[in-house]
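Reader: Hello! I am new to this structure and would like a close look at a single part, the sheet. Could you walk me through its strands and what packs on them?

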Amino acid sequence: MISAVRSLPPLNRAGLALLAAGLLGVAGVVFAQIEGSDRGIAPIDSTSSYEVGGVAVDVAARDADAARTAGWRIAQRKGWQLLWSRTNGQPVSAAPSLSDSTLDSIVAGIVVEDEQVGPRRYIARLGVLFDRARTGQLLGAHGQGLRSPPMLLIPVMWSGATPTSFETRTEWQRAWARFRPGGSPIDYVRPTGTGSDPLLLNEAQAGRPGRGWWRMILDQFGAADVIVAEVAVERSWPGGPILARFTARHGPDDVVLDRFTLRAANGDGMAALMDEGVRRMDEIYSQALRDGRLRPDPSLVIEEEPAELSDEAFAGETMAEESPLTAVNYTVQVETADANALTVAESSLRAVPGVRGVDTTSLALGGTSVMRVAYEGEISGLRIALQARGWRVDEGPGTLRIRRAAPTPAPPPAPGGTPGQ
């Protein structure tokens, strides 16, 4: 069945004004979506420190302050042992012992992850920050370890069947922003989520295999490859238990490196759940780097077109390839009875292959003139070439003396004969 379509009357000026206002309104909505203030979390800069988290302490003392101080001292000792063990790949028991004064000089700060303070007891889970410059000298050569190329991180969180990366602030993005990767072998490139990040780094782009667009994005962020940290959150009811399924992905082809699941009893444990997920994700990427699975995709490298050479440049490069030797200056003494003899000698020298220049440094008509000859090769080669051209050559240290060979005398005429017959 073909339905009739009634033509609409042309728009008048008022209609055009309303249409323009509507278009401006749509543009304003798009602008508001890009420039919204509910996105963007600046990641913590941890390039100057190593971090060891999850150090558990339980200390009793005469009062709360003494218990906290003792707990922090113990956390420094445990943190140093864990850091040394992690960077050197050896058991914690093999870590060298450091005095408390030395630890005080290399510890940059204590991060309180969770603590319970009593009148005489201190129970806490702490993180220890070590100054990279001072601690690196104590970690030994193994402290440098394996390091990945820059990896662009895209955190994707699924909640209520809706994926979100940087469109709005999420607990998953916050966890990655407060993560301190100073002690990790992965060089994370963590976008802030402002500007054009929500348009470029969304869930749709994370699953797009096309290399052309990825090359442009990675070049903009200064990264060599991309990793996608994905979590799907399921809530039994508002404020109830939380189930989070984490997936570590790598590259434009969306290669799955590993998966794991974590649970929280209620909504209050959401932040701790996400922090643990980030820590486990970092372990997965670090292990993949050590196993050789986290390698940059060579198809993401931007190859520059070779520059076209002009004819002069091409000829210059060809001559340079064909003439790898360097010209050496030699002294040539030549008998010059007159100006014509000088001209003949210069022309004969310039005609020798390998001669790059002939310069008369001392002129003596009727005597011996001196020339400086730039020749690519040994002086013996120059002597042989001149002898082949009919010169008599005497060789000295770095010097040749040349003169025209005496003409071969004509054979005497036969007896009783006439010359020429």
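Author: Happy to help; here is a walk through the sheet, strand by strand.

This is a predicted model, in which local features need pLDDT of at least 70 and side-chain atom pairs count only at pLDDT 80 or more, while totals for chains, interfaces and linings use all residues. Residues are numbered from 1 along each chain as its sequence is written, and side-chain values use heavy atoms, with hydrogens and water left out.

Let us begin with the overall layout. The sheet is open and has 3 strands in the order β1-β3-β2, with antiparallel pairing. Strands here are DSSP runs of E with at least two residues, helices are runs of H or I with at least four, and both are numbered from the N terminus. Two strands pair if DSSP finds at least two bridges between them. In general, strands of a sheet pair through backbone hydrogen bonds, either parallel or antiparallel.

Now for the edges. β1 (49-60) and β2 (107-117) each have a single partner strand, so one side of each is left without a neighbour in the sheet. On average, neighbouring strands of this sheet are turned by 20° against each other, direction ignored.

Next come the pairings. β1 and β3 (residues 121-131) run antiparallel and are joined by 10 bridges. If you want a spot to look for, find Ala56, which stands opposite Arg125 in β3. A helix also belongs in this picture: α2 (residues 64-88) packs on the sheet and touches β1, β2 and β3, and its direction makes about 135° with that of β1. Contact means heavy atoms within 4.5 Å. For angles, axes are lines fitted to C-alpha atoms, for helices over the stretch in contact, and the values run from 0 to 180 degrees between N-to-C directions.

On to the other pairing, that of β2 with β3. These two strands pair in the antiparallel sense over 9 bridges. They form a hairpin, with 3 residues between them. A good place to see the pairing is Val111, whose bridge partner in β3 is Gly127.
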